[in-house]
Amino acid sequence: IPPQHTPPRRGEFHLNKKRILIVEDEAVVALDLRTTLEEMGYAVAAVIDTGEAAIAEIAIHRPDLVLMDIQLAGPMDGIETAAKIHRQFDIPLVYLTANSADATFQDAKSSAPSAFINKPYRKAGLGQTLDLALDQHRRAQATRQLLAAVVRHSHDAIISSDLGDLVSTWNQSAERIYGIDAERAIGHPMAQLFADADELPALLERARGGERIEYIGQRRSGEIKILHISLVLSPI
């Protein structure tokens, strides 16, 4: 006897459906959004009304996209919430808001959303915007993975740091050339790793100012070996 198929109840979803987290403090709007998204074939991961709860939900369940109002319950508004999401997670975010003031738009833009949708929304426009945001995010991920592979397998030492000069990327050639493995390098100051490079702090300061620098000099590999290097520093 073939197994019977039981359609999923509301709140359940198949693994191949894209999961949308709704962050909306108006209960009627949130319910309408949930119904609309499920009719379009999305799965609603959860409906949240505060920024704090949204970040906690993302940390645990990692939805595919966040659909969020700018005005939320609780002390943290949507713009502050989105900025924290952007810093902590690689998830596309779409604003859904009735506040179309230019000042609000400029503030919201700084949190790097994928798109804006004005209330009242149209079902067709909502679906197209979400689909485009998900597709753009997928393409961006693929590009980052390709670039990461290029960096990882380059014959040149490729190193990146944050503005505080803490190493964030240290590829295989950097390990080979300088004799320092990535685990020892990442998260540590450049000056600590190249303690003999007296010119390095000044070069890094110039790069922080936006300058691209080409430098010929020396670096120590291990305790004894001296390397002659051609160094390029570029701000990203």
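User: What kind of crossing does α2 make as it passes α3?

Analyst: Happy to start there, with the reminder that this is a predicted model. Helix α2 passes α3 in a right-handed crossing. The near helix is turned clockwise from the far one, by less than a right angle, and that is why the crossing takes this name.

User: How do you know whether α2 and α3 count as roughly parallel or roughly antiparallel?

Analyst: By the angle. Helix α2 (residues 51–61) and helix α3 (residues 78–88) pack at about 20°, and their axes are 10 Å apart. Angles under 35 degrees count as roughly parallel, so α2 is roughly parallel to α3. On the α2 side, Gly51, Ala54, Ile55 and Ile58 make the contact, and on the α3 side Thr81, Lys84, Ile85 and Gln88.

User: What makes the pairing of Glu199 and Arg219 a salt bridge?

Analyst: Distance and atom type. The closest N and O atoms of Glu199 and Arg219 are 2.7 Å apart, and the cut-off between such a side-chain nitrogen and a carboxyl oxygen is 4 Å, so the pair qualifies. Glu199 sits in the loop between α8 (190–193) and α9 (200–208), while Arg219 belongs to strand β8 (residues 213–221), so this salt bridge ties together parts that are 20 residues apart in sequence.

User: Why is Arg219 called buried, and why is Glu199 called partly exposed?

Analyst: Arg219 has 3% relative accessibility; buried means under 20%, so the word fits. Glu199 has 21%, and partly exposed runs from that cut-off up to 50%, so Glu199 falls in the middle class.

User: What about Arg208 and Glu205: how far apart are they in helix α9?

Analyst: They are three residues apart in α9, which means a separation of about one helical turn. Their side chains meet in a salt bridge at 2.2 Å, N to O. Arg208, at 33% relative accessible area, is partly exposed, and Glu205, at 45%, is partly exposed too.

User: Which residue forms a salt bridge with Arg206?

Analyst: Glu211, with the closest N and O atoms 2.6 Å apart. Arg206 is partly exposed at 39% relative accessibility, and Glu211 is partly exposed at 33%. Over the whole structure, the search finds 14 salt bridges, and Glu24, Glu26, Asp69 and Lys119 are linked in a network of them.

User: What makes β2 and β5 edge strands?

Analyst: Five strands form an open sheet with parallel pairing, in the order β2-β1-β3-β4-β5. Strands β2 (43–48) and β5 (115–118) each pair on one side only, hence the name. From one strand to the next, the twist averages 20°.

User: How do you know that β1 and β2 pair?

Analyst: Five bridges join β1 (residues 19–23) to β2, and the two run parallel. Pairing needs at least two bridges, so the condition is met. In that pair, Leu21 stands opposite Ala46 of β2.

User: Which strands does helix α5 lie across?

Analyst: Helix α5 (residues 123–153) lies across β3 (65–68), β4 (93–97) and β5, and runs at about 140° to β3.

User: Is Phe194 buried or exposed, and which residues does it touch?

Analyst: Phe194, in the loop between α8 and α9, has 5% relative accessibility; the limit for buried is 20%, so it is buried. Leaving aside residues up to four places away in sequence, Phe194 touches Ile159, Trp170, Tyr178, Leu200 and Arg219.

Technical notes:
Residues are numbered from 1 along each chain as its sequence is written. This is a predicted model: local features need pLDDT of at least 70, side-chain atom pairs count only at pLDDT 80 or more; totals for chains, interfaces and linings use all residues. Side-chain values use heavy atoms; hydrogens and water are left out. Helices (H or I, at least four residues) and strands (E, at least two) are DSSP runs, numbered from the N terminus. Buried means under 20% relative accessible area, exposed over 50%, partly exposed in between (1.4 Å probe, protein chains only). Axes are lines fitted to C-alpha atoms, for helices over the stretch in contact, and angles run from 0 to 180 degrees between N-to-C directions. Contact means heavy atoms within 4.5 Å. Angles under 35 degrees count as roughly parallel, over 145 as roughly antiparallel, 65 to 115 as roughly perpendicular and the rest as oblique.
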